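Grab a pencil and work through a few exercises on this protein structure. Try each task yourself before you read its solution.

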Amino acid sequence: MKEIGGYFGLEQLVSNEYYKGLIPLNNARYSLLYLLKAKNIKKIYIPYYLVNVVREMCSNYDYNFELYHIEPDFMPVFDKKLEKNEYLCVVNYFGQLTDEKILFLKNKLDRVILDNVQSFFQRPLKGIDTFYACEKYFGVPDGGYLATDATLTEEIEVDISKDRMTHVLGRFEDNASNYYSIFQKHMLLFDDEPLKYMSKLTHNIMGAIDYEKVCKTRDENYSYLSSRLEKTNKIKLITPKGPFAYPYYIKNGVEVRKILAQKKLYIPTLWPDVIKDNPVNSIENEYAANILPLPCDQRYGIEEMEFLADEVSKFIK
Amino acid sequence: MKEIGGYFGLEQLVSNEYYKNLIPLNTARYSLLYILKAKNIKKIYLPTYLCNVVRDMCLKYSYEIEYYCIGEDFLPIFDKNLAKDEYIFIVNYFGQITDEKILLLRDRFERLVLDNAQSFFQRPLNGVDTIYSCRKFFGVPEGAYLSTVAKLNEEIEVDISKNRMTHILGRFEGEASDYFQNYQEHKLLFDDEPLKYMSKLSHNILGAIDYDNAARIRNENYVYLASKLGKLNRLSLVTPEGPFAYPFYIKNGIEVRKKLAKKKIYIPILWPNALDETPQESIEHDYVANILPLPCDQRYGIDEMKFMVSEVSKYTA
């Protein structure tokens with residue numbers, strides 16, 4: 001019998017997660033690992049334009065991988081034939097791959113894994129293994145969802161998040177900069193974590209989010225940014241549902257970020273290693289350096305978007 | 001302009017608090033302070049059957065206090081006339097004071113403050129200043145609601161809870177005993193806190209609770225305990241909505257608690273200070289020592305209630 005009585009632990013909140021039928025895991029990269037293991041994959045093709053932790057995870061777990069390039073419209077440049085144990089990991093950059101494009105890739109290549117880390121609200125398509133990340137979209141310390149028919153027959157522990165909440169709580173009641181170094185430390189800790197199920201704490205928070213409201217705010221913010229910046233944006237965009245960010249292409253993106261940061265506008269580089277690892281004239285280097293993923297998430301309203309668009313516009317020649 | 005971009009703070013959850021129009025404050029005791037100040041009260045009558053933090057607060061802020069006793073039915077034994085700036089503080093022990101009784105008390109005393117810290121779901125009545133405590137009923141670090149028409153014309157800070165979450169998160173994902181010391185330290189910190197508004201963090205959690213569900217489970221557990229222990233209970237009880245605990249009177253309550261604790265059933269003494277401060281033969285002393293507030297809250301189901309009944313029954317000779 002469990003302990004009865006005494007002070008309360010965190011309240012069990014309303015329980016209404018967005019993805020109820022998917023496999024809840026500790027994060028996105030381990031969702032890929034789940035698939036690699038469960039499907040007995042021997043080789044995975046991953047894009048050059050991707051965070052290095054995926055590559056490192058593949059190496060750590062001894063999976064053979066090969067890198068591929070993308071087109072300016074974010075579609076894979078890939079004309080190899082996939083062998084039976086080979087899969088292509090397709091990244092849905094900024095949610096710019098429509099369901100039609102995803103189905104086209106599925107029909108062409110069959111063994112496709114979709115990384116929807118940047119498209120949380122785009123539901124999985126039948127027969128396509130798809131993974132999602134929670135902390136990229138919501139105020140949780142970790143968590144991911146995986147849509148797949150494959151089942152991994154190995155014991156998996158449930159993650160524990162309680163010791164990763166400092167920066168999450170800190171930024172909620174205080175400011176981001178006071179907790180940034182703790183945030184970075186927590187991110188690094190994941191490198192030593194194995195594949196786990198999503199923690200009880202992350203489940204609790206994910207169950208109590210007003211997803212409709214989040215989605216609506218993101219849609220409105222994205223539309224606003226689009227109305228202000230579309231004409232000068234070198235990349236042509238569709239409008240995804242509940243977008244991750246508004247990807248704005250600008251010359252000298254690396255410099256512009258630094259200047260924006262002085263105004264407390266923090267635009268991430270997705271991803272620093274891509275700039276380092278790819279030739280200057282490659283599309284990957286160019287995109288990583290010059291696409292500003294402008295935040296359009298539920299923490300902000302039109303007032304912040306206005307300020308953001310004003311500041312970014314100062315750099316348009 | 002606030003910071004834009006970067007990692008997320010805790011997600012803003014669905015926002016549906018049980019008491020939307022009351023004054024949200026940091027703790028129950030400071031809700032009393034709010035009234036003492038706002039109504040310009042000079043003297044407050046307190047029951048001897050009470051947690052010492054209320055008295056300590058009154059003395060710290062230089063309010064005159066005088067004690068009164070209660071009867072077996074938890075109602076005040078009080079025949080003084082209250083002067084214009086004198087109030088009586090009435091505690092709704094275990095929610096046993098019905099609305100009818102409260103209205104009678106209101107008509108008789110006029111100047112009363114009702115402490116509903118043990119009766120969260122009993123809504124405030126017209127013309128009765130009423131105090132609610134959140135952490136006695138839910139998994140939050142602190143928070144209180146105050147129902148009053150009085151207004152305090154003084155700047156009040158908003159509380160910050162982020163550094164009081166360790167034991168709450170710890171008990172949610174770990175063991176209560178590992179965080180008990182932490183819990184005690186946090187409780188002591190309140191002694192040095194001033195009156196504040198409820199923190200953003202407590203608001204966030206309290207907005208995402210399924211109150212119908214919590215009240216329903218409490219009702220079911222209470223009814224179950226009453227059905228098994230009612231005949232053996234010297235107290236004749238009403239069934240409050242969403243009860244705080246089931247108060248079971250037992251001889252040698254202090255000894256019984258110690259034995260139950262060995263079975264990991266933790267029954268608090270409400271309140272240890274009252275045990276030292278009241279005469280051995282008084283009702284107050286008897287109640288503090290021998291009323292076991294058996295937990296019936298939303299963390300537990302019938303299985304736990306059954307186990308608790310079987311253990312408690314061992315001592316009902």
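What follows is a set of exercises with worked solutions, all based on a predicted model.

**Exercise 1. Sort out the sheet**

Find the order of the eight strands in the open sheet of chain A, and say which strands sit at the edges.

*Solution.* Step one is the order: going across, the strands of chain A run 2-9-8-7-6-3-4-5, and the pairing is mixed. Step two is the edges. Strand 2 (23-25) and strand 5 (76-77) of chain A each pair on one side only.

Step three is to see how "mixed" plays out. Strand 3 (residues 43-47) and strand 4 (residues 64-70) of chain A run parallel, joined by five bridges. In that pair, A:Ile46 has A:Leu67 as its bridge partner. Strand 2 and strand 9 of chain A, on the other hand, are antiparallel, with three bridges. Strand 8 and strand 9 of chain A are antiparallel too, over four bridges.

**Exercise 2. Look closely at strand 9**

Take strand 9 of chain A: which residues lie on each of its faces, and are they buried or exposed?

*Solution.* Start with a rule of thumb: side chains in a regular strand alternate between the two faces of the sheet. Now apply it. A:Gly144 and A:Leu146 are on one side, while A:Tyr145 and A:Ala147 are on the other. All four are buried, and that leaves both faces of strand 9 of chain A covered.

Last, check the neighbours. A:Leu146 is the bridge partner of A:Ile23, and A:Ala147 stands opposite A:Thr130.

**Exercise 3. Follow helix 1**

Work out why helix 1 of chain A counts as largely enclosed, and what helix 1 packs against.

*Solution.* Begin by counting: nine of the eleven residues of helix 1 of chain A are buried, so the helix is largely enclosed by the rest of the structure. The buried residues include A:Ala28, A:Tyr30, A:Ser31 and A:Tyr34.

Next, look at helix 2 (residues 52-60) of chain A. Helix 1 (residues 28-38) and helix 2 of chain A pack at about 35°, with their axes 10 Å apart. Their crossing is right-handed. The residues that meet are A:Arg29, A:Leu32 and A:Leu33 from helix 1 and A:Val53, A:Val54 and A:Met57 from helix 2 of chain A. By type, that contact splits into five nonpolar, no polar and one charged.

Then turn to the sheet, where strand 2 and strand 5 of chain A are the edges. Helix 1 of chain A packs on this sheet, touching strands that include strand 6 (86-91), strand 7 (112-115) and strand 8 (129-133) of chain A. The direction of helix 1 makes about 160° with that of strand 8 of chain A.

**Exercise 4. Spot the unusual backbone**

What is the phi of A:Asn40, and is A:Asn40 buried or exposed?

*Solution.* First, place the residue: A:Asn40 is in the loop between helix 1 and strand 3 of chain A. Its phi is near 55°, a positive value in a residue other than glycine. Then count neighbours. A:Asn40 has 10 C-beta neighbours inside 10 Å, so A:Asn40 counts as exposed, since the cut-off for exposed is 12 or fewer.

For a second oddity, go to A:Leu270 and A:Trp271, which are joined by a cis peptide bond with omega about 5°. A:Trp271 sits in the loop between strand 11 and helix 9 (272-277) of chain A. In chain B, the bond from B:Leu270 to B:Trp271 is cis as well, with omega near 5°.

**Exercise 5. Where the chains meet**

How many residues of chain A are in contact with chain B, and which element of chain A gives the most?

*Solution.* Count each side first: 47 residues of chain A are in contact with 46 residues of chain B. Among the elements that each supply at least two residues on the chain A side are helix 6 (200-206) and helix 11 (302-313) of chain A. Helix 4 of chain A gives the most, with seven residues. That side of chain A divides into 27 nonpolar, nine polar and eleven charged residues.

Finally, look for strands that pair across the chains. Strand 11 of chain A and strand 1 (residues 4-5) of chain B pair in the parallel sense over two bridges. There, A:Tyr266 has B:Gly5 as its bridge partner.

Methods
Residues are numbered from 1 along each chain as its sequence is written. Chains are lettered from A and ligands numbered from 1 in the order in which they are written. This is a predicted model: local features need pLDDT of at least 70, side-chain atom pairs count only at pLDDT 80 or more; totals for chains, interfaces and linings use all residues. Axes are lines fitted to C-alpha atoms, for helices over the stretch in contact, and angles run from 0 to 180 degrees between N-to-C directions. A crossing is left-handed if the near helix is turned anticlockwise from the far one by less than a right angle, and right-handed if clockwise. Two residues are in contact if their C-beta atoms, placed from the backbone, lie within 7 Å. Ala, Val, Leu, Ile, Met, Phe, Trp, Tyr, Cys and Pro count as nonpolar, Asp, Glu, Lys and Arg as charged, and the others, Gly among them, as polar. Two strands pair if DSSP finds at least two bridges between them. A residue is buried if 20 or more other C-beta atoms lie within 10 Å of its own, exposed if 12 or fewer, and partly exposed in between; C-beta atoms are placed from the backbone.
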